[in-house]
Amino acid sequence: MNRNRAFTLTVLVLGLAYLVAPLVFVVVNSFNDSGYGAWPPPGWSLRWYQRLSEQEGFGQAALASLGIAAVAALGAVAAGTAAAVSLTRFRYPGRKLVESVLLAPLIVPKVAIGLGAFILFLQAGFYGSGTALVGLHLVLLLPFAVNIIGGALVRIPTVYEQAARDLGAGPVRAFVSATLPQLRRSLLASYLLCFMISFDEVDATVFVISPDQLTLPVSMYQYLQRYQDPTLAALSTILIGATFAVVALVMATAGASALSGLHGGKGRTR
């Protein structure tokens, strides 16, 4: 038993080191004195953080990414809640097909989704607009919202809603008053996760974004094509710190039980 426990612990430590090593490399490289990212660093400097503060495009792109992520995550949580209720509380013809369509963005390559969105928005006259970008991100985020919220719904008995209905409440009011308060942690966890995914999205975004409406990941990608200095390492270090802060917030507010919905489960149907 002790050998098995030691082996498991060793595998976990090695796996964690494998995941964290690239982040450590980025953070260390952000303080590299060399302009070409020489390794090991010949010296230490904050010059790349100073240069980052002089790049006006990154600030505008960051604000654009924050706005798009905030709206797209909110829409994904709202639509995901409705879809999760439909999938976990009701049986109807085509339910499996609806579930497959909602979860398809987890399987279909983002490049294919981005190309399809490009053709659709170009024909509809929405190409390059903020609405098109938010809509694309909403489609990509919907599976995560459905999984998290649906996983929480299957653990909430329907008896609370039934009691509210017996007291005269309609279906919507019964759900809002009896079930929705119990979903608040899962809703927050879903929103924060969707926000981070949207903020980091680049594969599909490049197909529908206009040159004057760059998001931060796309702006970083374009900068990398022109320069190879550690400026992006400095920016990535800031983003890593912000991500850890958000993760800490999720764990503090939602806990592991809210995130366990990612594994799904069989819902209560009627």
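A residue counts as buried when its relative accessible area is under 20%. Keep that cut-off handy for the tour of this predicted model.

**Stop 1: Glu201 and Lys110.** Select Glu201 to begin. Its relative accessible area is 4%, so Glu201 is buried. Now add Lys110: the two residues form a salt bridge, with their closest N and O atoms 3.1 Å apart. Glu201 sits in the loop between α9 and α10 (205-208), while Lys110 belongs to helix α5 (residues 110-124), so the pair ties together parts that are 91 residues apart in sequence. Lys110 itself is partly exposed, at 32% relative accessibility.

**Stop 2: the other bridge.** Searching the whole structure turns up 2 salt bridges, so pick Asp229 and Arg51 next, whose side chains meet in a salt bridge at 3.1 Å, N to O. This pair also links distant parts of the chain, 178 residues apart: Asp229 is in the loop between α11 (216-226) and α12 (231-253), and Arg51 is in helix α2 (residues 47-53). Asp229 comes out buried at 12% relative accessibility, whereas Arg51 is partly exposed at 27%.

**Stop 3: helix α9.** Select residues 184-200. These 17 residues make up α9, which reaches 24 Å from its first C-alpha to its last, close to the 24 Å expected at 1.5 Å a residue. Color the buried positions of α9, among them Ser186, Leu187, Ser190, Cys194 and Phe199.

**Stop 4: Thr88.** Jump to helix α3 (residues 56-89), where Thr88 lies. Is Thr88 buried or exposed? At 8% relative accessibility, Thr88 is buried. Show the backbone of Ala84 too: its oxygen lies 2.7 Å from a polar atom of the Thr88 side chain. As background, an α-helix has 3.6 residues a turn, so residues three or four places apart point the same way.

**Stop 5: a patch on the surface.** Switch on the surface and select Leu16, Tyr18, Leu19, Val20, Leu23, Val24 and Phe244, which make a nonpolar patch of about 730 Å². Helix α1 (residues 2-29) supplies the largest share of this patch, with 6 residues. Tyr18 is found in α1 and counts as exposed at 66% relative accessibility.

**Last stop: zoom out.** Show the whole chain as a cartoon: there are 13 helices and 0 strands. The C-alpha trace spans about 70 × 65 × 30 Å along its principal axes. Of the 270 residues, 37% are buried. Among contacts with a separation of 6 or more, 73% are between residues 24 or more positions apart. The chain exposes about 15,500 Å², with carbon and sulfur atoms supplying 67% of it.

Methods:
Residues are numbered from 1 along each chain as its sequence is written. This is a predicted model: local features need pLDDT of at least 70, side-chain atom pairs count only at pLDDT 80 or more; totals for chains, interfaces and linings use all residues. Side-chain values use heavy atoms; hydrogens and water are left out. Patches are made of residues with over 30% relative accessible area and no salt bridge: like charges are joined within 9 Å, nonpolar side chains (Val, Leu, Ile, Met, Phe, Trp, Tyr) within 5 Å. Accessible areas come from the Shrake-Rupley method with a 1.4 Å probe; for residues, only the protein chains shown count as cover. A salt bridge is a side-chain nitrogen of Lys or Arg within 4 Å of a carboxyl oxygen of Asp or Glu. Helices (H or I, at least four residues) and strands (E, at least two) are DSSP runs, numbered from the N terminus. Buried means under 20% relative accessible area, exposed over 50%, partly exposed in between (1.4 Å probe, protein chains only). A polar contact is a pair of N or O atoms within 3.5 Å; within protein, one must be able to donate a hydrogen and the other to accept it, and residues adjacent in sequence count only if both atoms are side-chain atoms. The expected span of a helix is 1.5 Å times one less than its number of residues. Contact means heavy atoms within 4.5 Å.
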